[in-house]
Amino acid sequence: MSVPTFTLSDGSKVPALAWGNGSGNARKTALESGVLAIKAGIRHIDTAQGYYNEEETGKSIQQGTQQAGISVADIYVTTKVSTEGGDPNAAGIALEDLRDSVKASLARLGRQPDLLLVHNPFVPPKGRLVEFWQILEQLKDDGTITASLGVSNFRPQDLEELLPECKYKPVVNQLEYHPYVLTHLDPVLKIMAEHSIRVASYGPMSPVLRHPSKTGGPIRPLLTKVAERLSREKHDGIEEVDEAMVCLLWCRAKGAIAVSASANPRNIEKMASTQRLPDLTAQEVDEIEQLGRKVHFRAYDEHMCVDFPAPDLPQDL
């Protein structure tokens, strides 16, 4: 089965859809649900040190690929060097401990990851971001890791500090990314575009799943309209497309890798099936974006809003 992919700035290819095991029951059932994701047709698994399930992730790939009749090499793996529990307020990783921390991830996964991210800008010791990154570059140069390097939850100031000193620029910045955070993200997205850093989106379905209003916010009617169109057209035999699936398609249309977690077998199947759906029209993508930009709603504010204030916009219209 072929899946949609993007090409990163270092020339490597990444599946445009990833199943993540960083939240909820997906985190608790990383082995079982990871197997389901692979059998459903997802070819990208996203984990992290701070999820405490890298070992289960590795086992899910071994078991899932065996049951699906594919090679382990067919699965793209993202992991992240993390603070304790992924908590930005917890102690990060000391420079002298970083090499061993990365090697421990490789051992738990039982393989090289394809993409290694710095989980948030609070993982390196304060004021030592560049030195931290340079150690990762050294690990890449000496062959300890073969992964592409990237970042997550990096604000404009973090990228501005890092980019002038890079031998290997980050290929990805994984962010909470959906129409309701675009206005806030404009400064960071501008820097990323200038340096060919691709967006990876976590929480891509937040407008549907987490918006505090009962309606799901102003883009919900547009998402419903698109979902109904795609359902009528029955692409590749897919009879039901819902609003959450449209959020994933919107990310793909924007060139963003979509990362979503679920332990529900039906939802994993629906998530995987979006890979067989066509792209949204340019008009649909633009209408969703322009309406989303009129509000601000962020489901995860523990990273990006630190010294990077959110815009003065309503949560709903």
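How far apart do the end C-alpha atoms of residues 23-291 lie, and what percentage of the span is helix and what percentage strand? In this predicted model, the end C-alpha atoms of that span lie 28 Å apart, and the span is 47% helix and 12% strand.

**First selection: residues 23-291.** UniProt, in an unreviewed entry, lists this range as "domain: NADP-dependent oxidoreductase". Colouring by secondary structure will display the helix and strand content given above.

**Second selection: Y51.** The unreviewed UniProt entry places the feature "active site" at this residue. To find Y51, go to the loop that runs between β4 (44-46) and α3 (54-68). Is Y51 buried or exposed? Y51 counts as buried because its relative accessibility is 14%, and the cut-off for buried is under 20%.

**Third selection: the surroundings of Y51.** Add N21, G22, R27, D46, K80 and H119 to the display; Y51 touches each of these residues, with residues up to four places away in sequence not counted.

**Fourth selection: the cavity.** The structure holds one cavity of 30 Å³ or more, and the space in the largest cavity amounts to about 80 Å³. To show its lining, select P4, A16, L17, L248, L249, C251, R252, A256, A258, T274 and Q275. Of the lining residues, eight are nonpolar, two are polar and one is charged.

**Final selection: helix α10.** Which helix supplies the largest share of the lining of the largest cavity? Select residues 243-253, which form helix α10; four residues of the lining come from this helix, the largest share.

Notes: Residues are numbered from 1 along each chain as its sequence is written. This is a predicted model: local features need pLDDT of at least 70, side-chain atom pairs count only at pLDDT 80 or more; totals for chains, interfaces and linings use all residues. Side-chain values use heavy atoms; hydrogens and water are left out. On a 1 Å grid over the protein atoms alone, a cavity is a set of points where a 1.4 Å probe fits but cannot get out, and a pocket is an open set with protein on both sides within 12 Å along at least five of seven lines; lining residues have an atom within 4 Å of a point. Grid points are joined across faces, edges and corners, and a volume is the space filled by probe spheres set on the points. Helices (H or I, at least four residues) and strands (E, at least two) are DSSP runs, numbered from the N terminus. Ala, Val, Leu, Ile, Met, Phe, Trp, Tyr, Cys and Pro count as nonpolar, Asp, Glu, Lys and Arg as charged, and the others, Gly among them, as polar. UniProt positions are given in the numbering used here, feature names are shortened, and annotations may be inferred rather than shown by experiment. Buried means under 20% relative accessible area, exposed over 50%, partly exposed in between (1.4 Å probe, protein chains only). Contact means heavy atoms within 4.5 Å.
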